[in-house]
Amino acid sequence: TFTFLANLADYGPKVGAGIGQEDLFRGEIRATAKMMRAAYDAGVPMLCGSESGFALTPYGHWHGREMEVFVNELGLTPLEAITCGTKNGAIAMRMDDVGVIDVGYRADVLVVDGDPSQDIRLLNDKSRFAHIISKGKPVDTSRPWPTHTKIPGSKVANWSEVPLTYERAMTL
């Protein structure tokens with residue numbers, strides 16, 4: 001997973017994390033991406049994670065970020081990255097009836113305003129979510145996005161002074 005490192009490199013200093021270490025995190029991403037790309041080219045299926053639950057990757061804010069890193073750092077096309085985040089994850093979990101949109105499959109569906117095959121970043125921008133269907137039912141996107149209270153024992157200050165939400169990252 002790259003999301004945590006990418007957020008540290010790109011936004012960490014803006015929330016009090018990793019000040020002066022951006023090059024270290026970016027270098028780690030480049031070195032790992034090079035090895036992962038070689039594996040991908042050799043036919044190894046790639047999966048996307050989210051690293052959700054840390055101060056730099058709070059739940060519900062960065063699920064599309066891994067695909068963005070796969071495009072920018074591994075050189076995958078947006079559609080290849082989306083496959084890593086959907087179909088390949090289902091295969092890895094041995095769930096034969098999820099991960100694609102087709103007759104006979106179960107799927108949660110995200111409809112975005114725009115074309116993620118041209119701009120993968122759309123998959124993180126909740127303001128671009130036109131419709132969400134989860135477990136066969138529409139999700140009311142006009143309601144505020146759920147927030148999470150602090151988990152007892154969590155140590156936000158280890159990485160960040162405040163949780164790095166997508167909205168905070170885009171306005172800093």
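Phe4 comes out as buried in this predicted model, since its relative accessibility is just 10%, and the cut-off for buried is under 20%. Its ring partner, Phe54, sits in the open a bit: Phe54 has a relative accessible area of 44% and is partly exposed. The two rings form an aromatic pair, with 5.3 Å from centre to centre and 70 degrees between the planes, which makes the pair edge-to-face. As for where the partners come from, Phe4 belongs to helix 1 (residues 3-11), while Phe54 is found in the loop between helix 2 and helix 3; the pair therefore ties together parts that lie 50 residues apart in sequence.

That pair is one of 4 aromatic pairs in the structure. Elsewhere, Tyr11, Trp62 and Tyr166 are joined into a cluster by ring pairs.

Then there is the helix packing. Helix 2 (residues 22-41) and helix 3 (residues 65-74) have axes that come within 9 Å and cross at roughly 80 degrees. Angles of 65 to 115 degrees count as roughly perpendicular, so that is the label for helix 2 and helix 3. On the helix 2 side, the contact is made by Arg26, Ile29, Arg30, Ala33, Met36 and Arg37; helix 3 brings Val69, Phe70, Glu73 and Leu74. Sorted by character, the residues of this contact split into 6 nonpolar and 4 charged, with no polar ones.

Key
Residues are numbered from 1 along each chain as its sequence is written. This is a predicted model: local features need pLDDT of at least 70, side-chain atom pairs count only at pLDDT 80 or more; totals for chains, interfaces and linings use all residues. Side-chain values use heavy atoms; hydrogens and water are left out. Axes are lines fitted to C-alpha atoms, for helices over the stretch in contact, and angles run from 0 to 180 degrees between N-to-C directions. Helices (H or I, at least four residues) and strands (E, at least two) are DSSP runs, numbered from the N terminus. Angles under 35 degrees count as roughly parallel, over 145 as roughly antiparallel, 65 to 115 as roughly perpendicular and the rest as oblique. Contact means heavy atoms within 4.5 Å. Ala, Val, Leu, Ile, Met, Phe, Trp, Tyr, Cys and Pro count as nonpolar, Asp, Glu, Lys and Arg as charged, and the others, Gly among them, as polar. Rings of Phe, Tyr and Trp (its six-membered ring) pair if their centres lie within 6.5 Å; planes under 30 degrees apart count as stacked, over 60 as edge-to-face and the rest as tilted. Buried means under 20% relative accessible area, exposed over 50%, partly exposed in between (1.4 Å probe, protein chains only).
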